[in-house]
Amino acid sequence: MANLVRDHILTLKAVIDAQKAGVPGREFAALRRAYGHMPMIAEPLADAIARQFPNKFPGSATGPAVELRASLNTLLSEHVYLAARATGAALRGNMTAFRAAATALDANSNDIIAAIGSVYGPDAQRAFDPLWKKHIAFVVDYTTGLATNNKAKQDRAVQDLLAYTQEFGAFLNSATKTLPTDAVANLVRDHILTLKAVIDAQKAGNQPAVYGNLRKALGHMQMVADPLAEAIVKQFPDRFR
């Protein structure tokens with residue numbers, strides 16, 4: 001465990017060093033590595049705790065099903081954080097930081113899309129790619145509307161995002177029938193609204209609200225990842241024991 005914590009320290013140090021050097025591209029690459037490393041601490045810790053207290057934590061804390069749930073949680077929460085970093089940079093007019101954050105966000109999106117493909121197959125992956133990235137484009141539209149004080153652009157982006165929730169819900173329902181379209185749409189709607197609250201606070205320059213809302217937005221992604229993972233495991237029990 002000490003070696004894992006050592007790696008946590010070193011990966012975080014790489015982020016800080018890149019921040020000091022003022023190299024956003026290197027910062028976000030290091031940040032993704034640091035973020036991705038944390039499950040390597042959480043998973044053995046959870047396994048050890050479950051073994052120590054089997055009455056409190058029945059079942060296994062390891063295996064394909066657990067890995068799926070952890071992976072979806074990690075990727076979706078990372079999505080929120082990187083999106084918030086990108087919108088914050090855009091609203092400050094720091095386009096170098098925005099492009100670096102957007103590049104990292106795109107890499108995160110590709111990982112999420114690949115995760116969907118690994119479950120549902122290449123056809124689903126190809127269909128999911130533009131669908132997932134569509135909502136990111138709408139978030140960019142909303143942020144641009146805020147930055148330019150264009151209320152019509154903001155309102156249109158919000159309407160596009162709310163309409164998107166049904167499209168997203170329909171996609172997952174077509175892949176996993178036990179995920180109702182409206183239930184998924186409501187979860188995605190809450191993701192959009194919690195992220196919007198972060199962006200609005202960024203525009204207002206209210207940093208306590210930015211980080212308070214960001215924690216809510218990050219925490220909400222578990223409400224998306226967990227039922228998705230559960231539905232996938234039930235649909236493919238031979239693959240996720």
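Which residues does G145 touch, not counting residues up to four places away in sequence? In this predicted model, the answer is N150, K153 and Q154. G145 sits in helix α6, and with 0% relative accessibility it counts as buried. M221 is a long way off along the chain, 76 residues from G145 in sequence, and the two C-alpha atoms are 25 Å apart in space.

Just past that helix comes N149, in the loop between α6 and α7. N149 isn't a glycine, yet it has a positive phi of about 55 degrees. Is N149 buried or exposed? Its relative accessible area is 61%, and since anything over 50% counts as exposed, N149 goes down as exposed. G145, by contrast, is buried at 0%.

Turning to the interior, the largest nonpolar core has 61 residues, and L68, Y120, F128, W132 and F168 are the ones with the most contacts inside it. Seven helices give two or more residues apiece to this core, namely α2 (24-37), α4 (64-92), α5 (95-120), α6 (122-147), α7 (151-175), α8 (181-204) and α9 (207-235). The biggest giver is α9, with 11 residues.

W132 is worth a look of its own, being one of the core residues with the most contacts. Setting aside residues up to four places away in sequence, W132 touches L76, H79, S109, I112, I113, Y164 and F168. One of these partners, S109, lies in helix α5. With a relative accessibility of 0%, S109 counts as buried. Leaving out residues up to four places away again, S109 touches K133 and I136 as well as W132.

The S109 contacts belong to a broader meeting of α5 with α6. The axes of these two helices come within 8 Å and cross at roughly 150 degrees. Angles over 145 degrees count as roughly antiparallel, so that is the label for a crossing of this kind. As for handedness, α5 passes α6 in a right-handed crossing. On the α5 side, the contact uses L105, D106, S109, N110, I112, I113, A114, I116, G117 and Y120, while α6 brings P122, A124, Q125, F128, D129, W132, K133 and I136. Sorted by class, the α5 and α6 contact comes out as 11 nonpolar, four polar and three charged residues. Y120 and F128 turn up here, and both are also among the core residues with the most contacts.

Helix α6 has a second partner in α8. Here the axes come within 11 Å and cross at roughly 30 degrees, which makes α6 roughly parallel to α8. The crossing of α6 and α8 is right-handed. From α6, the residues involved are H135, V139, Y142, T143, L146 and A147, and they meet H191, L195, K196, I199, D200 and K203 of α8. Split by class, the residues of this contact are six nonpolar, three polar and three charged.

What about α2 and α4? Their axes come within 11 Å and cross at roughly 155 degrees, and that makes α2 roughly antiparallel to α4. This crossing, too, is right-handed. The α2 residues E27, F28, L31, R32 and Y35 meet T74, L75, S77, E78, Y81, L82 and R85 of α4. The α2 and α4 contact has six nonpolar, two polar and four charged residues.

Two remaining positions round out the picture. F57 is in the loop between α3 (39-52) and α4. Its relative accessibility is 40%, so F57 counts as partly exposed. Apart from neighbours within four places in sequence, F57 is in contact with I49 and A50. F57 and D141 are 84 residues apart in sequence, and their C-alpha atoms are 45 Å apart in space.

A170 sits in helix α7. With 37% relative accessibility, A170 also counts as partly exposed. The C-alpha atoms of A170 and D123 are 16 Å apart in space, and the two residues are 47 residues apart in sequence.

How values were computed: Residues numbered from 1 in each chain as written. Predicted model: local features only at pLDDT ≥ 70, side-chain atom pairs only at ≥ 80, totals over all residues. Heavy atoms only, no water. Core = buried A, V, L, I, M, F, W, Y, C linked by side-chain atoms within 4.5 Å. Buried < 20%, exposed > 50% of the residue type's maximum accessible area, 1.4 Å probe, protein only. Helix = DSSP H or I, 4+ residues; strand = E, 2+ residues; numbered from the N terminus. Contact = heavy atoms within 4.5 Å. Axes fitted to C-alpha atoms, helices over the stretch in contact; angles between N-to-C directions. Parallel < 35°, antiparallel > 145°, perpendicular 65-115°, else oblique. Left-handed = near helix turned anticlockwise from the far one by under 90°. Nonpolar A, V, L, I, M, F, W, Y, C, P; charged D, E, K, R; others polar.
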